[in-house]
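Here's a quick tour of the model you have open. Let's start with one helix, then look at a helix pair and a DNA strand.

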Number of protein chains: 2
Amino acid sequence: MAVAGKSQTKPAAADSDPFDRSDLKERRRKAVIRAAASLFSRKGFHNTSMDDVAAELSVSKPTLYNYFPTKQKLLYEFHMAALDDGEAALAYAQSAGKNGHQKLVAMCRRNMEDTLSGQGPCAFVADVDSLPAEDRAKVVTRRDRISAGVRDIIEEGNRDGSLKKLDPSLGTLFVTSVLNWIPVWYRPDGERSPEEIVTAFLDMFQTGLARKRI
Amino acid sequence: MAVAGKSQTKPAAADSDPFDRSDLKERRRKAVIRAAASLFSRKGFHNTSMDDVAAELSVSKPTLYNYFPTKQKLLYEFHMAALDDGEAALAYAQSAGKNGHQKLVAMCRRNMEDTLSGQGPCAFVADVDSLPAEDRAKVVTRRDRISAGVRDIIEEGNRDGSLKKLDPSLGTLFVTSVLNWIPVWYRPDGERSPEEIVTAFLDMFQTGLARKRI
DNA sequence: AACTAACTTTACTCATGAGTCAAGTTTCAT
DNA sequence: ATGAAACTTGACTCATGAGTAAAGTTAGTT
């Protein structure tokens, strides 16, 4: 802590009153998540020690354990956040689109915006295999449900004619590949703005890369 | 080793004469790679111990170290194989296509076929962050060159009119997302054949998912 | 001021897993 | 058969890093 103030709280989010002590614990928990997300996405889950996370926050390791019981639960948190995001995007799509095509676009746009905002969940490929069996099962189940939701949308577009006839499962894989890979390469300080990325990707999702046939 | 034969060689590949001892060392090295690839892709690099790899081959851990100096060099091997694949696909594209569009399709087809054959490199997302700095640098350099190659192809298609006008960097990311994610989800015993996958994906790359405008 | 509850830290423990060593074992040439 | 080279193994070492215990510190209360 640089400055000696009367009520010195942790670094804290810029968007919360640092003098408000009421939800201190919750805000510190969030800070741990942010620090871990940053490190995990840069170096990977296994190449980041809890000491690293602690150092990032200028705090000691045991302090972290006041907010998370295990390192794996921290990882679990990221999985859950990512899944929340996916589900939210699907729910939004249902209300925002009138046919399969519109719903698919809405879902992709929403998901990309969440991912690119950084505000959203986390910016790294969550490592399912490092979760304890029970948590992994929960993640896989939710994940499958989300895939099924995307597939339903594609099937709907398939029926109502707004999307071309194609294997809905492969269409889902195609779309989720692109969405899932974004956290791998996206850097907020990169050359392309989130808006540019979203626009370009939505265009490619819809009409591909080939020259339009008139 | 189940059966007591006079010349008992390791499990060995089905496509090589197990009585030929000339290149035994090289074939065993390959066997180690195959075993590791299988485990790494199923459980991840960090969740697989060298003892696991040894057990998969019914061999002891020190034996592995006759074929690889460190676990990280084993990982490096996979990276190199994947990069070889990417470069081969690019080189092939140059000879197989007359314009940007054709080259892009050739490159994608070739890369997917390599990945899906399983014969090719490896079926897991190679973890760059776990490589020692020097090896990581080599991988990143080659990787960047491959990306640049894809971008060149898209730019060519951009100029010659065979591809639509779009940001070549974002086009590259879009395409490589899909290609890179395949090893994550593909299982040889899955419902879709490699041919189906290649066909469907090439179609989506070219004209997207939306209904064609007549 | 004195007390308490909450939080933080230093200094551990302990399991895991990479890599090694020295002692077998097998293969092949003479 | 015998000796040497190559290969394999059980039994280690040693570093790393997750998680903990107990003592110390701080904030807020009476």
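Keep in mind that this is a predicted model. Take helix H7 of chain B, residues 168-185: at 1.5 Å a residue, its 18 residues should span 26 Å, and the end C-alpha atoms sit 26 Å apart, so the two values agree. H7(B) is also largely enclosed by the rest of the structure, because 13 of its 18 residues are buried.

Now for the helix pair in chain B. Helix H5 (residues 100-117) packs against helix H6 (residues 133-160) at an angle of about 150 degrees, and their axes are 7 Å apart. Angles over 145 degrees count as roughly antiparallel, which is why H5(B) is described that way relative to H6(B). On the H5(B) side, the contact is made by Gly100(B), His101(B), Lys103(B), Leu104(B) and Met107(B). H6(B) brings Val150(B), Ile153(B), Ile154(B), Glu156(B), Gly157(B), Asn158(B) and Asp160(B).

What comes nearest to DNA strand D? Of the 18 residues around the strand, those are Ser49(A), Met50(A), Thr70(A), Lys71(A) and Pro62(B). Both chains feed into this surface: H2 (50-56), H3 (61-64) and H4 (71-96) of chain A, along with H3 (61-64) of chain B, each supply at least two residues. H3(B) gives the largest share, three residues.

Here's how the two sets of residues divide by class:

| Site | Nonpolar | Polar | Charged |
|---|---|---|---|
| Contact of H5(B) with H6(B) | five residues | four residues | three residues |
| Surface near DNA strand D | five residues | seven residues | six residues |

Note on methods: Residues numbered from 1 in each chain as written. Chains lettered and ligands numbered in written order. Predicted model: local features only at pLDDT ≥ 70, side-chain atom pairs only at ≥ 80, totals over all residues. Axes fitted to C-alpha atoms, helices over the stretch in contact; angles between N-to-C directions. Helix = DSSP H or I, 4+ residues; strand = E, 2+ residues; numbered from the N terminus. Parallel < 35°, antiparallel > 145°, perpendicular 65-115°, else oblique. Contact = placed C-beta atoms within 7 Å. Nonpolar A, V, L, I, M, F, W, Y, C, P; charged D, E, K, R; others polar. Near = placed C-beta within 6 Å. Expected span 1.5 Å × (residues − 1). Buried ≥ 20, exposed ≤ 12 C-beta atoms within 10 Å, placed from the backbone.
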